[in-house]
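Me: Could you walk me through this protein?
Reply: Certainly; the structure is shown below.

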Amino acid sequence: MAAADAPRLSLPIDCEPGKTCYVEDYVDADPGPGKRDFMCGLKSRDAHRGTDIVLLSFDAMTAGVDVLAAAPGVVAATRDGVPDQPVTPATRDSIKGRECGNAVRIDHGDGWQTLYCHMKSGSVQVRKGDQLERGAVLGEVGLSGLTNVPHVHIGMLKDGKVIDPFNPEDRNTCGTASGTGLWDSVLAYHRAGLFTAGFSTTVPGFDAVKSGAARAATARPDQPLVLYGHAFYAEPGDQLIFTAQGPEGQIFRQDITLDDPQAQLFRAFGRKAPAAGWPAGAYRGYVRLQRDQEVLALRHADITVAP
């Protein structure tokens, strides 16, 4: 069996799942052009080769959150110096071949390796050949490579083949949420999540949210600022929490309890412009899906108010 001699994994990031971070994407278990996670749910992306553990804010990344070796081994390769910046069409070509960003690859013996991606530029503190213990600090969570959110991507390989640590024996079957896979402890799986969040200058329709047409990148100072979130598989009692900040601090927070959610839904909240207009500058919003104080998913959105 592929997992018989596999190393056991501890959490590769210094955070508390459900409190200060959450698992967003899993290994894509669909061999074709579609996507599915190890539970046959929606939490993956086509051809995604690892597990993404995401911080709850850019401020947390700035403060510094350590990336940790999930198992003992020898450093096989490192990369540093890739800028921390959200990927855009304009920057996509500049990271070609460096989509993993600043990274560390660890060899655990017998063909097993782990790969840690998207670390903060200048933070990598290990070198090729270093012998590491479990939990050794590799660097800090960053925004380098093919990403627009601060997170660590951990990939697991056996003789170069991608292994899903949540379902290591057979990626072609649905797994179970009750086991640990190759993890030392259970990382809770929830099928509920968020497809997207965005800003608009009016309350959008659901079709516009789903197609992306609702998203606005800029607004005039006299226009409303409306933040929306598109969720899936939420349960009664779950909360969507909307927060937004601008150049002068927080502009709103709204907690919405979902009484009778559908398989897919969206909610929106916003504010009209103040009498003097919104101050010019950058605004960022967060939509958080939460259940009994446990964070299930988070999306952010940005908009610029023109002078």
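**Overall form and an aromatic cluster**

Reply: The protein has a radius of gyration of 20 Å, which agrees with the value near 19 Å for a compact globule of 307 residues; the radius is taken over C-alpha atoms, and the globule rule is 2.2 Å times the number of residues to the power 0.38. This is a predicted model, in which local features need pLDDT of at least 70, side-chain atom pairs count only at pLDDT 80 or more, and totals for chains, interfaces and linings use all residues. Residues are numbered from 1 along each chain as its sequence is written, and side-chain values use heavy atoms, with hydrogens and water left out.

Me: How many helices and strands does the protein have?
Reply: There are two helices and 18 strands, taken as DSSP runs (H or I, at least four residues, for helices; E, at least two, for strands) numbered from the N terminus.

Me: Changing topic, how many aromatic pairs are there?
Reply: The structure holds eleven, a pair being rings of Phe, Tyr and Trp (its six-membered ring) with centres within 6.5 Å; planes under 30 degrees apart are stacked, over 60 edge-to-face and the rest tilted. One of them, Phe38 with Phe166, is stacked, at 5.0 Å centre to centre and 25° between the planes.

Me: Where do Phe38 and Phe166 lie?
Reply: Phe38 is in the loop between β1 (21-25) and β2 (51-55), and Phe166 in the loop between β10 (161-163) and β11 (193-200), so their pair ties together parts 128 residues apart in sequence.

Me: Is Phe38 buried or exposed?
Reply: Phe38 is buried, with a relative accessible area of 2%; buried means under 20%, exposed over 50% and partly exposed in between (1.4 Å probe, protein chains only).

Me: Which residues form the aromatic cluster?
Reply: Tyr26, Phe38, Phe166, Trp183 and Tyr189 form one cluster.
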